[in-house]
Structures are given as C-alpha cells and as structure tokens.
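Colleague: I'm new to this one. Could you put it up and walk me through it?

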Amino acid sequence: MMRRRGMLGLLVIALALPGTSQAASPALLPVRGFLSDAAGVPVDGNHDLRFVIYDGVASGTALFTENHAALAVSHGEFVAYLGQVTGSLDLTLFRDKGALWLEVTIDGTQAIQPRFRLATAPYAAFAQYCGDAVTLGGSPVTAFAQSVHTHQWTDLTGVPATLLDGDQDTLASLSCASGQVAKWNASAWNCADDANSGGTITGVTAGTGLSGGGASGGISVALDTAYTDGRYWTLGGNAGTTPGTQYIGTSDNVALELRVNNTRALRIEPMNGGANIIAGHPANWITAGIKSATIAGGGNAVWPNRVTDDESTVGGGVGNQAGNASGSAQDGYRATVAGGTLNTASGQGSFIGGGEWNSARGSDAAIGGGGSNDASGGNSAILGGYLNAASGTWSTVAGGQYNTASGQGAAVPGGAQNAASGSNSFAAGYRAKANTDGCFVWGDSSNSDVTCTTADRWVARASGGVYFYSNSGLTAGSYLAAGSGTWSSVSDRNEKADIAPVEPRRVLEALARVPVSTWRYRSERPGVRHMGPMAQDFHAAFGVGDSERHITTIDADGVALAAVKGLHEVAAESKREIVELRRENGALRARLDRLEQRTLPWTSGAGYFWPGAGLLGIGLVVARRTKARRGPAVFGATARRR
C-alpha cells in the first residue's frame, strides 16, 4: 500500500461563473494539489480521489461529495474540477454557509488531515451580473453591474448611497455625439467634448493645433520641460546621477517590487538593520521580522525557497530552507543554501552547496552536496555522497555512502558502511569500524566488519597483501604477501650496487665478541622480553645500516648467514683434521699390534709356557683382554720343562 505524508496543497481555487444573458456554462471549482509518499517522494500514476465539502473543520455536515476515479497524478501534481463528474456545482452551496472546508481522501483509505479551508474565490460566485447591452458614446459595450438582482444587494454592507437611489446608475439614456464622452459633473452623467479645447492640461501646453495640422482650437502636445529634465529615470538610462541622493526605490517603509509579465520577479523589503531581497518564483518567502535575508532565485509553487532566520541566504534551487524556523531570528542565523533540492541549513553559520534532501543542523556545519546527508555536529563537514552522517564535533565524511563519523574529530574519507566512533579515529574502505579513540582502520572489499577496539591502534585488512615501497620506482621496500604472516624485503640482485664479498670466518669471530642480552623496550609493559644485541655494539662490530641506533632485519639476517658460513668453514676444517688424525691413529695402532706380537712369549698347545716358570703341576690361568680377534689367554703348567 502506498504510504503518504499527506503533502497536499490547494494552490488554485476558482469558480467559472455563468452570465445570465449568455449560454450557460457549468460551474466548476478547480482544485490543484500535490501528493508525496512518506519519504517525501512525489507520487505518479492514476489514483482515486474523493472530495467532500464540509461546514466544519473537524466534523460538520457533508454539503457536497464527488468521486474522481483514476485521476492522473504526475510528479505529485494533479488538477480536479469539482462539479465535472456531477455536471455542475450548485453555487448556492456557498451562500449563507459561513466557512467551508474541503476534505480529500486518497484511494479510499487515507483522508488528508487537517481539512483545507475554502476561501475567497468560491464566495465570489454571488457577484453575478446581467450582461445587458447598453450604448456609451454610440459604441455598444457590456455593463457588468448594470442590473443587480435585488436579493443579492440585501447581502451587501457599506454600499454607496448613489447605488441605492433606484436609478441603477444607468448610462443607457445618454446618446453622446461623435467626439463626446460621458463625464460626471458631481451630480449626474452628461455628454461632453472629448477634448479640453483651448485650455491647458497638466503637463502639456495649450497651442493652436496638433502637430501636422489639426482642428482649430486643438491642444498642443508639447511636453512641459519639468518632465524632460534629469529628475526622472528614462528608458535610455540616466547620466550624471549622484549615488545616495538619486536612486530608484521608495522613500517610505514600503516594499519595492519588480515584475516581469505582471508576475513578481524581485521584491525588496525594508527592514531595520538591513533590507530583505526575494527573487525567483513569487511563492518564495522570508519569515516576517527577519532582516538582511536573501533569496536569489529558484523555487516553484509546490516547493518554494524560504529563509527563516536573520542574515541567511538561499541562492536557488527548489524547496530549500536557510534557518531553523523555530520562531527565533537568531538561533539559526547566517545559514546558507546555495542550491539543490529540499536542502535545509538550520545550524548557525551552516552551509549546503547543493544536492538534495541534505541537512546541516550543527553550528558552522557544512555539506558540499550529495543526497540525504546529515551534518549535525558542530563544525562537522560532509563533502558529498549519500546517506552519510557527521555527528561528532569537528568530524568529517568526505564521501561514499552509509558512512558515519560520530567521534570528536573523527574522519571517514569514503567507501561504504564505515564508522569512526572514537575520538580522532579514522575508518576507510568497506565496513571498517574505528570504535575506540585514536583507532586507524582500513577495510578491504571483504564482506565483513574489521574492527578496532583498542585505543590508538592501527588495524588493516588487506586480503590481497600489504606492500610498502620506499622509492618512486617501486624497487625498494617490503611486503606482506596475501595469506602470509612474514614480511619480505626486496633483495633483487639487479637492484643492488657496490656489491663486495665478506669473510665469513671474520664475521663469526666479530659476532662472537658482540654481547647478546635479553631486554624490553621502556614503553612496553613489564614482563615482556626480547633477545638480541644492542644497536651500538652491532654497528661497531659490522658497520652496516644507516644508523648506530637501529638494526635492520636484513642486516641481522646477513650477519647470521655470514656467521653460519664461517661456522661451516670451521667445521669443514675440523673434519679434515679429524680424518687425518684417525688415519694416523690407525697406523700407530697397527704398529703397536706388530710390536706386541714380537714381544709376546712362545705358546704350545693350549697355553703359554714361560721358561723357568717354577713348580710342575701348578697351573695358572690368566685372562687378558686384547683386540677382538684375540681370545683369552689360558696360562697352565702341563708340559715339563726340559
């Protein structure tokens, strides 16, 4: 179902009146109005409208009812002629009824409230006339008030006595000759000459005849010199004027109007402290009592431009308002709407450049353009876009749509559905939420929120990776690849110069002398620990980097890699030494084995026999460990010494 705000205005109400001596035409009441929906958007299409005239503003009796089915509505505007459906409107409806009100119902469901009061034009229906033909100076004319019905005069008050003397003030009895006209002599109408022969008429001088020849005793048309000097503005313009002394305008407290095609184009209203200027459509208006206000142009009958507070300005467009219309001339003063449609600058010193449906409610708030934007914070600004809001003091939304800067000093440069609610926060991209003071949030095109809830934090979502370059050629810098958790530095051989080899063994020796400690930054909370050298020690040992107070990650990695190479060299050399020592040790062991074999006692049978071993029958078994190939030596006295 269509929702309506009930914006219906009766713009023109008039009656077509029939003449009694002419062919009768139907009496119609034109009604012109405007319809918009709940959002203020003009309605289009065909709609059923029901018109009822009541004798009461809220209840009362229905005096006339007429339904107009499928009435055309274009851009919100419609025109209906009451009486057209029924054939004619009974004009006696407006006699002796007092005030009347018109109620309009749309599509049989919603009546526009309050009712509209009918005024002026319908009641003029009783100024009927009889169009009897009379003769003035031999020429037939129509006397519009020649004969008035008696019952109509009884309703009038303040009628001059001469209109009630019974003679009906007719001129029909006069029969003026050629060159004569009807003239009033203070008591009756008489025929008289159409020229003041031989006399003097104000502004001209009497003469003997008209230029080019004329009747004797005619009137000269030579103008008096009093009307040809420099005291008057001429169509060709004036020269030698004195500003401040000579001017076009009024010298009393009355407004000055300029018209085009008999329609007001410019109105200058005198006000203490500064005149008001109203240009453009005649429906444009400035609230009574407001001073130094200006409407430069624009407006229409449905959406006029208006100024409601002192020193405020509407440049053009339609339906724009400068001021808050609160009844005070100062609480929304010095507001400006440059143009656009249905914009309202209601805060003191507020400004709207254009667009439509924008509202600058905060003091010194500004909106550049766009649509349906709201700058309610003091000194807030919205450059453009759609449905953006800057409610925080000094907050800014540059553009985009559905963005909100509600924190003090917060900023949204653009994008969509971003919110900077923390003081001095920043939200950009898509669905970035800077909810805490000092937050900086960037959101990529991913369809989910990225939020900062810790003060003074930088949060960024870049699902395609993060790249930082430190030169214009994009050949030096670092990047965080998409989906990665580590940074990569540009290290292309083609982008390097002054390449020199290092001695890994010396790097290793230098690194061995660099102290390595655990520590934390002074700004970090207690309990946090890091491990590494001090920048001064690192710089003194290796002389790399651009500062003795910093260690770059690529330098730390380079030193570590060089030290590893040095360790590799040491390990390789040690390996070679170990192999050589093993070879020498094997040779020595072989020599020892041969020596042992030469010095061992002779053997016989299962045991060793030593000469002069002692008593027979006593055996001694000795177990001796030698190489694996040797078994235990069994010592015994089984042989007799010879």
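Modeller: Sure, this is a predicted model, where local features need pLDDT of at least 70, side-chain atom pairs count only at pLDDT 80 or more, and totals for chains, interfaces and linings use all residues. Residues are numbered from 1 along each chain as its sequence is written, and side-chain values use heavy atoms, without hydrogens and water.

Colleague: What is the strand order in the open sheet of 11 strands?

Modeller: Strands are DSSP runs of E, at least two residues, numbered from the N terminus. Two of them pair if DSSP finds at least two bridges between them. Pairing in this open sheet is parallel, and the order is 15-17-19-21-23-25-27-29-31-33-35.

Colleague: Which strands stand at the edges?

Modeller: An edge strand here has a single partner strand, so one side of it is left without a neighbour in the sheet. That goes for strand 15 (285-286) and strand 35 (450-452).

Colleague: Which residue of strand 29 stands opposite Ala390?

Modeller: Strand 27 (residues 389-390) runs parallel to strand 29 (residues 404-405), and two bridges join them. Opposite Ala390, in strand 29, is Ala405.

Colleague: Is Val490 buried, partly exposed or exposed?

Modeller: Val490 lies in the loop between strand 39 (487-489) and helix 2 (504-513); helices are DSSP runs of H or I, at least four residues. Buried means under 20% relative accessible area, exposed over 50%, and partly exposed in between (1.4 Å probe, protein chains only). At a relative accessible area of 30%, Val490 is partly exposed.

Colleague: How much of the protein counts as buried?

Modeller: The protein has four helices and 43 strands. Of its 642 residues, the buried share is 28%.
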